[in-house]
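Colleague: Please zoom in on one part of this model for me, the charge pairing and what sits around it. Go through it slowly, with the cut-offs spelled out.

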Amino acid sequence: LSEKLLLKRKAGRSLQTERVPRSSVLEQLQSFLPQMAEANEKLKHQMEEAPAGSFDIESVEKAERVIEMV
């Protein structure tokens with residue numbers, strides 16, 4: 001593994017791992033993911049209770065605003 005990673009060992013010492021400081025992006029992601037999971041659960045329940053076709057994302061006839069991806 002050392003050869004593949006191009007690591008050179010110093011005589012008599014093994015490689016050491018070190019803790020990396022926490023990233024603010026990681027903290028934001030960890031707080032966001034539970035919110036996303038909760039929103040997905042709510043959407044799942046809404047889709048189960050709504051009439052068929054209520055969540056057809058391709059039907060934009062009644063939509064006030066449409067974002068088109070090209």
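**Charge pairs and the helix**

Modeller: Let's start with Arg22 and Glu27, whose side chains meet in a salt bridge, at 3.4 Å from N to O. (A salt bridge here is a Lys or Arg side-chain nitrogen within 4 Å of an Asp or Glu carboxyl oxygen.) Bear in mind that this is a predicted model, where local features need pLDDT of at least 70 and side-chain atom pairs count only at pLDDT 80 or more, while totals for chains, interfaces and linings use all residues. Numbering runs from 1 along each chain as its sequence is written, and side-chain values use heavy atoms, with hydrogens and water left out.

So how open is that pair? Arg22 counts as exposed because its relative accessibility is 52%, whereas Glu27, at 42%, counts as partly exposed. (Buried is under 20% relative accessible area, exposed over 50%, partly exposed in between, with a 1.4 Å probe and protein chains only.)

Searching the whole structure turns up 2 salt bridges. Besides Arg22 and Glu27, there's Glu38 with Lys42, where the closest N and O atoms are 3.5 Å apart. Both Glu38 and Lys42 sit in helix α1, residues 24-49, and they are 4 residues apart, about one turn of the helix. Glu38 is at 46% relative accessibility, so it counts as partly exposed. Lys42 has a relative accessible area of 49%, so this residue is partly exposed as well. As for the chemistry, side chains of opposite charge can pair when their charged atoms come close.

Now for the nonpolar side of things. Leu26, Leu29, Phe32, Leu33 and Met36 make a nonpolar surface patch, with about 440 Å² of accessible area between them. (Patch residues have over 30% relative accessible area and no salt bridge; like charges are joined within 9 Å, nonpolar side chains within 5 Å.) Take Phe32 from that patch: its place is in helix α1, and with a relative accessible area of 41% it is partly exposed.

Zooming out, the protein chain has 1 helix and 0 strands (DSSP runs, H or I of at least four residues for helices, E of at least two for strands). Of the 70 residues in the protein chain, buried ones make up 1%. The chain exposes about 7900 Å², and carbon and sulfur atoms supply 54% of that (Shrake-Rupley, 1.4 Å probe).
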